[in-house]
Every structure is written in structure tokens, then in C-alpha cells.
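New to this one? Here's a quick briefing on the empty spaces in the model and what sits in them.

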Amino acid sequence: MQLNHRYATELAETVSAVKPQPLSGMTMPMYNHELAAQFNLPDRDQLMAAIFDDGGELAAKSVAQKYGGHQFGQWNPFLGDGRGLLLGEVSDTHGNHFDLHLKGAGQTPYSRHADGRAVLRSTLREYIASEALHYLRIPTSRALCLITSEQSIVRELPEPGAMMIRMASSHLRFGHFEYYYHNKQQDTLDKLMQYTLTHHFPECLQDANPHKALLTAITLRTARMVALWQAYGFVHGVMNTDNMSIHGITFDYGPYAFIEHFQSDAVFNHSDYEGRYAFDRQPGIALWNLNALAYAFSGHLSTDDIRACLTLFEPTFLSQYRHQMLSRIGLDDNPEHENCLNTWLSLLSAEKRDYTESFRQLAMAEPQQPTSPLRDQFVDREAFDKWWQDYRQRRLATGISANELSQLNPVVIPRTHYLQSAIEAAEQGDFSPAHRLMDAIRQPFDDNEVTRDFKKPGPASSQGSLSCSS
Ligand code: AMP
Ligand code: MG
């Protein structure tokens, strides 16, 4: 393992040294062999020892990071790693650096009287979803391992305590930069920016204005990520600025869900009373968050420069979204097809059809046929038939095969009801449903005997609302 501690060393004034606190009766039922191999990481037992044994390599310089964040639109300076620790950074043979971050490791100076712990339910949800997005080719943090325990953690009810190791290029959030800006620590902010440029965006240092290049890069990456969320029906649920990564990766999974019964204003987080983080508000919120981040650049950039960066968001998002969506239905990226796409979405929304299943069925449909068996999925067959006549001509002109299209339209997404079954079994000590779900999640585009068990939509009630408590 090539371990280093660049963040803890170079930005020592922004962290607190904290050791991971074990839970009683810990085991590691989930371990990501592929990711571990990429970074030449120790096996399960050695990994546990490196974190929790006296003198363990991964506890030698573990730190909690300080950050703030806009939560539901309100500035909160009191945030930071309240239960997570940066254990260190590792690199692979290609020189990619990734953080090892342990979530649920016990209290830190930023815990604000909370217990510093995470429950099995939320840890397993993050583990599975982050890997699912990775295999759907949506930028995301990764999951290295899940540690469960015999110790109870009290939320609404007692639940098994757990931890996970998350990996990402860094754990730098919009809220890191916002914190040093709002706290008027310009020297520390400058250092943080320089660190970010040097270690994470070195290509921006070649630019005549590296800070402008940095804000531009974050804007473009965020726009691309959200375009993929919208294209695949992913609802993050808590897009607070402390949950936004500067790398434009999906980060800090909480009450997320993939939309099943399609509804463009879907909200699954039951604490989101006003629907601030509804599915169709995600692009606007991402821009709101970028705007909040941009204040931190005001010591380096003029208002015009900042505006120039942020105005890139909308056209980038729209073109990426259109490209993704038209690709998914087998049409060229041509504005002339937009009406056809929008009518398809209206058909799905009018009958709350399952989003993922409908796209897959459409991908596999045969445009040579004047009537499609897909019509039987719709109550309003007349509306479907009318649309099909228009669509099939366009798709025939494009000439893409169902086989190619299948690779853009997953069979498997982490549906709430399968997650729930996997959680319930895991809470009883049986991780086999979680492993089977993971086997399917790793090959989401293939319809085979592994994925077949995980493709059914849940009942409409299964997606009701998800708790933020974790
Ligand atoms: P989250 O909702 O997980 O994004 O967390 C928001 C903030 O609350 C972060 O600063 C977390 O570190 C902190 N936090 C969440 N849960 C806990 C907990 N059980 N103990 C300590 N801090 C927590
Ligand atoms: Mg968070």
C-alpha cells in the first residue's frame, strides 16, 4: 500500500487529529476486491488491523476535516467530519490518488453532541449505491469495505452500528472553501486553493488564470454529473453544499433513490418538506450551490470572471442531458428530436410508468414494427401508438441496434425495495442478499440470471419516504 498524508500534513491547520474508535464485535462482511486490487490494499484482516490495532498504519495520522455548508439554503459554519476520518491517501500504478475515509469512526471535535456513529442501514445503502453509480458510469465516490458490529446505535430505535471506508479523489466539498471564506481566513483559503490546484487540478495551473480555470472545471464537472443523474433518474436527496464534491462526483449518500414510478418532481427525503431537492430541481440547486462556492473565489476573481464561469453551467448541463437522453432512446443528438423525447417522458409521467424498466423496454423494442408490444404497458394506447409512429421512423433513420442501446439502458438499479430486503437480512446477520444484489449491480446492463432477480419495480408505496437519520 502506497500510503501518504498530503492533506493532513500540508493543511494541518484545517484538521484535527482523531483516532478511529472501534465498535464491539466488528466483522467485515463486505470488501471490494476489485478496488482493493487497483490500489494494492491489504486484505480484510490486515485492513482491520491497520485501522484498529495499536500502532496500525491507517490510524497513525487519521484526521477529521473542518468544513461548513449551506444546509437547505442556510449557512452552517459548525460542520466538519463529525463521524468520518481521513485515514490517508493511496495511489495506484497509474498515479491516481484516492482518499481512504472511514465513516462512523466515533466522535470528533465536529460531532456537535452526536454520537459519531453510523448505522448498518445507511452504511449498506451508501456502499451499494456508490458502486451502482460507478457501474452505471456516473461519477461517484467508491466503497472499499463495510464493517458491521454487535454494538447497538440508537436512532429512532436501536440499530446495529457499522462503518464503511469510502474512496474518492479527495473529500474536498464546496463547504470546505465556503468555510474559510465566510470565516474570513483568506490565508488558509488561499492555501486550500493552491493545494487543490497542485494535487487535484494541475492542468489548471497551466492556465493564465488558474483560479478561473478551477471554478470552470468544477462547474463543468458538476453539470455533467447532474446531467447523468437526470438521465438515469437518480435523486440525491440532500444536495447541501457540504455534500457536494469539487470533483463533480456523487457524494455523501443519504436518503437517495432512483425514481421508479416516474414523476418529475419526486422527493424521497422525508425531511425535505418544501421539495427543495426534488428530482427536477437538482440542476437548479447544483447551480445555486456553485454560486455559493463561487463566493470563495471572490478574492481571486472579478465578478465578471465568476459570472463567466457560472454561465457555463446551463448550456453544459442542457447539452449533456440532451445527449444522454437521446442516446438512451437511440436517436442522434439533434434538437429536432427533442419533442419526441419530451412526449415519451410525458407518456411515462402521465401513467407513472417505471422509469428504468420503460427505457429498457424501449431500447429492446423493434422499430420495424408498426405497432409495438410496449403499447400494452400503457392505459392510453392511442397516445402511445401515435407517439410510436413518429419515434420508430426517427429510430430507423438512426439505425442503432438494440444490442448497442441495451448498454445505455440498465436492467438493474438499486431499487429501494431490494435495498430494504438486503438491509433487513443484514441486520439479522445474513449478508447473502446484499452480496447477490451487488453481483447484479456490477453488471447493470446485462439481462441474465444474476440481474433478473433485481429488475422488478417496487410497489408505489415502497418508495414513500426515506429517513435522513443515519
Ligand atoms: P450528513 O447528513 O451525513 O451529510 O451529515 C451532516 C453533518 O452532520 C456532517 O458534518 C456530519 O459529520 C454530521 N453528522 C451526521 N451524523 C452524525 C453523527 N451520528 N455523529 C456526529 N456527527 C454527525
Ligand atoms: Mg454530509
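What volume does the second largest pocket have? It comes to about 260 Å³. Lining that pocket are 21 residues, and Arg121, Arg125, Gln420, Leu466 and Ser467 are the ones closest to its centre. Keep in mind that this is a predicted model. The rest of the briefing goes through the largest pocket, the ligand and the cavities.

**The largest pocket**

- The largest pocket holds about 800 Å³ of space.
- Its lining is made up of 31 residues, with Gln71, Arg83, Arg112, Asp242 and Ser470 lying nearest the centre.
- Sorted by class, that lining has 11 charged, 11 polar and 9 nonpolar residues.
- Where does the largest pocket lie with respect to domain 1 and domain 2? It lies between them, because domain 1 (3–171) and domain 2 (172–411 + 455–470) both give residues to its lining.

**Ligand 1 and its surroundings**

- If you're looking for ligand 1, check the largest pocket, since the space that ligand 1 takes is that pocket.
- Ligand 1 is surrounded by 15 residues, and Gly80, Gly82, Arg112, Asp115 and Gly116 are the closest.
- That shell around ligand 1 breaks down into 7 charged, 5 polar and 3 nonpolar residues.

**Polar contacts with ligand 1**

- Gly80 uses its backbone: one of its backbone N or O atoms lies 2.7 Å from an oxygen atom of ligand 1.
- With Arg83 the side chain takes part, as one of its N or O atoms is 3.1 Å from an oxygen atom of ligand 1.
- Arg155 has a polar side-chain atom 3.4 Å from a nitrogen atom of ligand 1.
- How much of ligand 1 does the protein bury? Taken alone, ligand 1 exposes 480 Å², and the protein buries 80% of that.

**Cavities**

- Rolling a probe the size of a water molecule over the atoms is what shows where empty space is left.
- There are 2 cavities of 30 Å³ or more in this model.
- The largest cavity contains about 60 Å³ of space.
- Its lining consists of Arg83, Lys103, Ala118, Ser122, Thr123, Glu126, Met164, Tyr253 and Ser470.
- Two names turn up again here: Arg83 and Ser470 line the largest cavity, and both are also listed among the residues nearest the centre of the largest pocket.

Conventions: Residues are numbered from 1 along each chain as its sequence is written. Chains are lettered from A and ligands numbered from 1 in the order in which they are written. This is a predicted model: local features need pLDDT of at least 70, side-chain atom pairs count only at pLDDT 80 or more; totals for chains, interfaces and linings use all residues. Side-chain values use heavy atoms; hydrogens and water are left out. A residue is near a molecule or strand if one of its heavy atoms lies within 4 Å of it. A polar contact is a pair of N or O atoms within 3.5 Å; within protein, one must be able to donate a hydrogen and the other to accept it, and residues adjacent in sequence count only if both atoms are side-chain atoms. Accessible areas come from the Shrake-Rupley method with a 1.4 Å probe; for residues, only the protein chains shown count as cover. On a 1 Å grid over the protein atoms alone, a cavity is a set of points where a 1.4 Å probe fits but cannot get out, and a pocket is an open set with protein on both sides within 12 Å along at least five of seven lines; lining residues have an atom within 4 Å of a point. A molecule sits in a cavity or pocket if more than half of its atoms lie within 2 Å of its grid points. Ala, Val, Leu, Ile, Met, Phe, Trp, Tyr, Cys and Pro count as nonpolar, Asp, Glu, Lys and Arg as charged, and the others, Gly among them, as polar. Grid points are joined across faces, edges and corners, and a volume is the space filled by probe spheres set on the points. Domain bounds come from an automatic or database domain assignment.
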